Amino acid sequence: MLTRVATADDLPAALAVWRAANAARGRFPDERRVAAVTAKVHAPDALVVVAVDAGVVGMAVGVPARADDGDGELIAGLCHVAMVFTRPDRWGRGVGGAVLRALARQAAARGYDRLQLWTGEANVRAQRLYLRHGFAASGRVTEHAGQSIAHYTAGLPLAVRRPGGPPAVDGAVDDHARRHADQEAEEA
C-alpha cells in the first residue's frame, strides 16, 4: 500500500471512500452534506492524502485551522484534520493509521507544528486510532448533528504509541508495532 498526496484524479475515488464508509455505518449524507464535503476536498487550501492499493482505499483531509471552531481567523501552525476514512472492506488493516501518518508528515512539511480534530464520543475505534498516534483529548466536547463530539490535539511529528512500550516518533517506530497498533484501532 502506498500513501501520497492526492492528485485531482484521485479526488472522486477519495469521495467514494468517504461515502462507502458512511454507508457501512448506516449514515447516508444528504445532498447538502455531499456538496459541502466535495467542496472541502477540492478547496485550494485542503491537504488531501490517499492510500492506494489497487485503487484508493483510504483518505484523509487536513485544512488550516481557524479560531471559533472554524469561523474565526487562521491559527498559525495548526492543521485541522477534517476527515479520515477507510474503505469498509479494508477496515482493521492499518489504512486509517497510514493515511493519518501521511497527513501528519505532509502537514509538517507545509509548516504546521500541531494537529487537531473532532470525533464522535461514541466512535471508540477512531478514538483508539488517534490515541495510538499521539493525540490527546483536550477536554472540549460539543454537539454536532445530534452527536456528542470530542476534541483531540497532537504535536508534530506524531508520537506513535507502541503496544506495551513508550511512544516513538513517527518514522522511528518499527513496522511490526505500527501494524499491530493500526490493526487494533482504525477509523471506519
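Which residues of the largest nonpolar core touch the most other members?

**View 1. The largest nonpolar core of the predicted model.** In this core of 27 residues, the most other members are touched by Val84, Leu115, Tyr130, Phe135 and Leu158. Two or more residues come from each of strands E2 (47-52), E3 (56-66), E4 (74-86), E5 (114-120) and E7 (147-155), and also from each of helices H4 (95-109) and H5 (124-132). Helix H4 gives the most to this core, namely seven residues.

**View 2. Another nonpolar core, apart from the largest one.** This core has 19 residues. Leu11, Val37, Val50 and Val63 are among them.

**View 3. Gln116 and the residues that it touches.** Gln116 has its place in strand E5. Is Gln116 buried or exposed? Its relative accessible area is 11%, and residues under 20% count as buried, so Gln116 is buried. When residues up to four places away in sequence are not counted, Gln116 touches Ala65, Leu78, Cys79, His80 and Val81, as well as His151, Tyr152 and Thr153.

**View 4. The protein chain as the setting for the close-up views.** Six helices and nine strands are present in the protein chain. The chain has 188 residues, of which 45% count as buried. Considering contacts between residues at least 6 apart in sequence, 64% join residues at least 24 apart. About 9,100 Å² of the protein chain is exposed, and 51% of this area is supplied by carbon and sulfur atoms.

Key: Residues are numbered from 1 along each chain as its sequence is written. This is a predicted model: local features need pLDDT of at least 70, side-chain atom pairs count only at pLDDT 80 or more; totals for chains, interfaces and linings use all residues. Side-chain values use heavy atoms; hydrogens and water are left out. Helices (H or I, at least four residues) and strands (E, at least two) are DSSP runs, numbered from the N terminus. Buried means under 20% relative accessible area, exposed over 50%, partly exposed in between (1.4 Å probe, protein chains only). Contact means heavy atoms within 4.5 Å. Accessible areas come from the Shrake-Rupley method with a 1.4 Å probe; for residues, only the protein chains shown count as cover. A nonpolar core is a set of buried Ala, Val, Leu, Ile, Met, Phe, Trp, Tyr and Cys residues joined through side-chain atoms within 4.5 Å.
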